[in-house]
Amino acid sequence: MHFPTLHTPISQKVLGDRRFKFFDKCIGAVDGSHIQVFASVDDHAFMHNRKGFLSQNCLFACDFNFDVIYSLCGWDGSVANSALWRDAVANDLDVPPDRYLLGYAGFASCDALLVPYRGVLPFKGMVAREN
């Protein structure tokens with residue numbers, strides 16, 4: 001794992017593809033992942049996630065080569081990804097100025113994170129999914 005710095009290069013996958021010309025300062029993407037756990041009966045209420053199983057919610061950021069540049073693990077499965085993001089940027093994730101990560105609409109937009117507009121499909125012909 002390597003943390004992003006001011007000198008973190010922009011991937012050639014982004015710079016070399018005309019479809020990504022608007023992402024020329026993007027260093028990667030971030031998302032949460034629920035990892036199934038076994039917990040004591042006393043912890044079931046906290047570890048039970050919205051998908052119906054016991055889990056630990058972890059936040060991962062990776063670059064366009066799929067190298068992990070950040071991870072935050074250990075949160076209860078009931079915690080939303082946006083809470084993990086807030087904890088990460090408040091404590092130890094430092095996205096360099098003039099750089100950003102991509103996220104999904106469940107995250108709040110900020111200088112370090114670019115998220116899509118809610119209800120707007122990015123490509124013609126895509127179909128919105130209900131989760």
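Across the whole of the predicted model, a search identifies 3 aromatic pairs. One of these is formed by Trp-85 and Phe-107, whose rings adopt an edge-to-face arrangement, with 6.2 Å between the centres and 65 degrees between the planes. The pair connects distant parts of the chain: Trp-85 belongs to helix H3 (residues 81-91), whereas Phe-107 lies in the loop between strand E4 (100-102) and strand E5 (113-114), and the two residues are 22 apart. Trp-85 and Phe-107 are both buried. Tyr-104 is also involved, as ring pairs join Trp-85, Tyr-104 and Phe-107 into a cluster. In general terms, the description of such a pair rests on the distance of the ring centres and the angle of the planes.

Charged side chains contribute 2 salt bridges. In one, Asp-17 is joined to Arg-19, with a separation of 2.6 Å between the closest N and O atoms. The two partners differ in their surroundings: Asp-17 is classed as buried, at 19% relative accessibility, while Arg-19 is exposed, at 59% relative accessible area. The value for Asp-17 falls under the 20% limit that defines the buried class, and the residue is therefore assigned to it.

A salt bridge is also formed by the side chains of Asp-98 and Lys-25, at an N to O distance of 3.4 Å. Asp-98 is located in the loop between H3 and E4, and Lys-25 in the loop between helix H1 (12-15) and strand E1 (26-36); the contact therefore ties together parts of the chain that are 73 residues apart in sequence. Asp-98 counts as exposed, with 53% relative accessibility, and Lys-25 counts as partly exposed, with 30%.

With regard to secondary structure, the chain contains 3 helices and 5 strands. Followed along the sequence, these elements give the pattern α-β-α-β-β-α-β-β. The 5 strands assemble into an open sheet of mixed pairing, in the order E3-E2-E1-E4-E5. Strand E3 (68-76) and E5 are the edge strands, each of them pairing on one side only. Strands of a sheet generally pair through backbone hydrogen bonds, in either a parallel or an antiparallel sense. For E4 and E5 the sense is parallel, and the pairing extends over 2 bridges. Within this part of the sheet, Leu-101 has Leu-113 of E5 as its bridge partner.

The cysteine residues were examined next. The structure holds 0 disulfides. Cys-58 takes part in no disulfide, and the nearest cysteine sulfur, belonging to Cys-73, is 3.4 Å away. This separation is not within the 2.5 Å required of a disulfide, so the two sulfur atoms do not qualify as one. Cys-58 is buried, with a relative accessible area of 0%, whereas Cys-110 counts as partly exposed, at 35% relative accessibility.

At the level of the chain as a whole, 32% of the 131 residues count as buried. The accessible surface comes to about 9000 Å², and carbon and sulfur atoms account for 57% of this area. Among contacts between residues at least 6 apart in sequence, 49% join residues at least 24 apart. The salt bridge between Asp-98 and Lys-25 likewise ties together parts of the chain 73 residues apart in sequence.

Note on methods: Residues numbered from 1 in each chain as written. Predicted model: local features only at pLDDT ≥ 70, side-chain atom pairs only at ≥ 80, totals over all residues. Heavy atoms only, no water. Phe/Tyr/Trp six-rings, centres within 6.5 Å; stacked < 30°, edge-to-face > 60°. Helix = DSSP H or I, 4+ residues; strand = E, 2+ residues; numbered from the N terminus. Buried < 20%, exposed > 50% of the residue type's maximum accessible area, 1.4 Å probe, protein only. Salt bridge = Lys/Arg side-chain N within 4 Å of Asp/Glu carboxyl O. Contact = heavy atoms within 4.5 Å. Areas by Shrake-Rupley, 256 points an atom, 1.4 Å probe, with all protein chains shown as cover. Pairing = 2+ DSSP bridges.
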